[in-house]
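Student: Could we go through one helix together and see how each label is earned?
Tutor: Gladly, let's look at the model first.

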Amino acid sequence: MSSTKAKFKIKFEKFEGSSNELVRSIKENIIDINYVPIVEILNHFLEFLSKNRGNIDIDIASETITNAAIILKMKSEQLLPDLKNKNEVETDEEKEDEQILDNKDVYLKEYNKYQKIVKYLNQKKYNQDDIFFPFGKNNDEKIDIEIQEVDLADLLSALEKILKNKKKEEFVPIKRRTFTVATKMNEILDILRYNKEGISFDYFMETAQTKLEIIVIFLALLELIYYKKIVCHQNGNFGRIIFYLKGEDLHSKKN
Amino acid sequence: MSDNPLTIDRIKEITRLERKNINLLLRELISDYEKSDKPYKIYEIARGYKLGTKPQYANWVKKISENKKRYQISKAALETLAIIAYNQPVTRLEIEKIRGVNSSGVLFNLLKHKFIRISGRKKVPGNPLLYKVTDLFLLHFGLKKLSDLPKLDEIGID
């Protein structure tokens, strides 16, 4: 440590001294860190280095660099949001957890009530299973064909059955799709015009070659029903679903 | 002989009798059948009246009617039915909130078997479907009407 070597000294408006002293002053709150012009200090340091090349006190210089880094860290920590707020957020989460636990209790209570209902219903069903009611028609008798209204559930069941059966799709060469819902709608109307006695759901589905065609035909049927161009009836429970042009179903009224 | 239970209104339509008379006659008929040796009697069920077999003869009837495939109802289905019956009309989301699990499969099956029906849409964003139980539900579980179900609070206290 030769005294002839140049020692860097920090100097700015509010302070004069070594870098160690500066850091100490900041930590003891003698100087407000916001007033420390770190850029200015570092620029002076660089000037000092280039002016005193070959003659720098290395210990002091390295100290200066270390302290400058410390000051930079302190300054950047100032930029982060207050740690105090972070703690507040945590207690809110705890509150939320408590609320969820409370709600869970309520939910469990509700759920348990329904479990009791389930037991009750099971008992009722067990009793009711011993009572048989005659149905309006017998499956074997073909004298009365009871026609009932078809609802969405029936159509969906029928579609489900068809799609299940068509599961294994044979390899069909990819060709341009030649049908749309609109073209299928027209096709269906044509078919029904030539077959006034009605066409079954199965028949339409059999004409389809791919799953896509099945779905398009189904959509076309639904659209035609929606626009009241066709109607459909079902022969009793789980019977065949038959479609007619609207207005053609006069001969198949309920007995 | 129709599928649906005969309601008092319908009886009134056909016979043109007064409600009071109809009720009296029904009571008489019901007790006559009950006392008789015949294997069937009149049941007050699903908001109407139906002729059905007496439970004592169940074993015999089962032998005759091989056609009757009783739909085995799952616990999940029963839960869902219970929720719908007590909260109808109710959306799928509301059902799932109580059950805590996805219910779309169960709902589809219940619809298929006509235990529930779609009664409309709720007027909230998304317009979800609303479900209600059907008369078939009442029939299957031996209930005269929906209000015959025990109150939720009562059943909690056991």
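**Helix 1 and its neighbour**

Tutor: In this predicted model, helix 1 of chain A spans residues 19–27, and its buried residues are A:Ser19, A:Leu22, A:Val23 and A:Ile26.

Student: How do you know that these buried residues are on the same side of helix 1 of chain A?
Tutor: They cover an arc of only 95° around the axis, so they lie on the same side of helix 1 of chain A. As a general rule, an α-helix has 3.6 residues a turn, so residues three or four places apart point the same way.

Student: What covers the buried residues of helix 1 of chain A?
Tutor: The cover includes strand 1 (10–12), strand 2 (15–17) and helix 3 (58–79) of chain A.

Student: Why is helix 1 of chain A called roughly parallel to helix 3 of chain A?
Tutor: The two axes come within 9 Å and cross at roughly 20°. Angles under 35 degrees count as roughly parallel, so helix 1 of chain A is roughly parallel to helix 3 of chain A. Their crossing is left-handed.

Student: Which residues make the contact between helix 1 and helix 3 of chain A?
Tutor: From helix 1 of chain A come A:Ser19, A:Asn20, A:Leu22, A:Val23 and A:Ile26, while helix 3 of chain A adds A:Glu63, A:Thr64, A:Asn67, A:Ala68, A:Ile70, A:Ile71 and A:Met74.

Student: How do the residues of this contact divide into nonpolar, polar and charged?
Tutor: There are seven nonpolar, four polar and one charged. Glu counts as charged, and A:Glu63 of helix 3 of chain A is part of the contact.

How values were computed:
Residues are numbered from 1 along each chain as its sequence is written. Chains are lettered from A and ligands numbered from 1 in the order in which they are written. This is a predicted model: local features need pLDDT of at least 70, side-chain atom pairs count only at pLDDT 80 or more; totals for chains, interfaces and linings use all residues. A residue is buried if 20 or more other C-beta atoms lie within 10 Å of its own, exposed if 12 or fewer, and partly exposed in between; C-beta atoms are placed from the backbone. Helices (H or I, at least four residues) and strands (E, at least two) are DSSP runs, numbered from the N terminus. The arc is that of the directions from the helix axis to the C-beta atoms. Two residues are in contact if their C-beta atoms, placed from the backbone, lie within 7 Å. Axes are lines fitted to C-alpha atoms, for helices over the stretch in contact, and angles run from 0 to 180 degrees between N-to-C directions. Angles under 35 degrees count as roughly parallel, over 145 as roughly antiparallel, 65 to 115 as roughly perpendicular and the rest as oblique. A crossing is left-handed if the near helix is turned anticlockwise from the far one by less than a right angle, and right-handed if clockwise.
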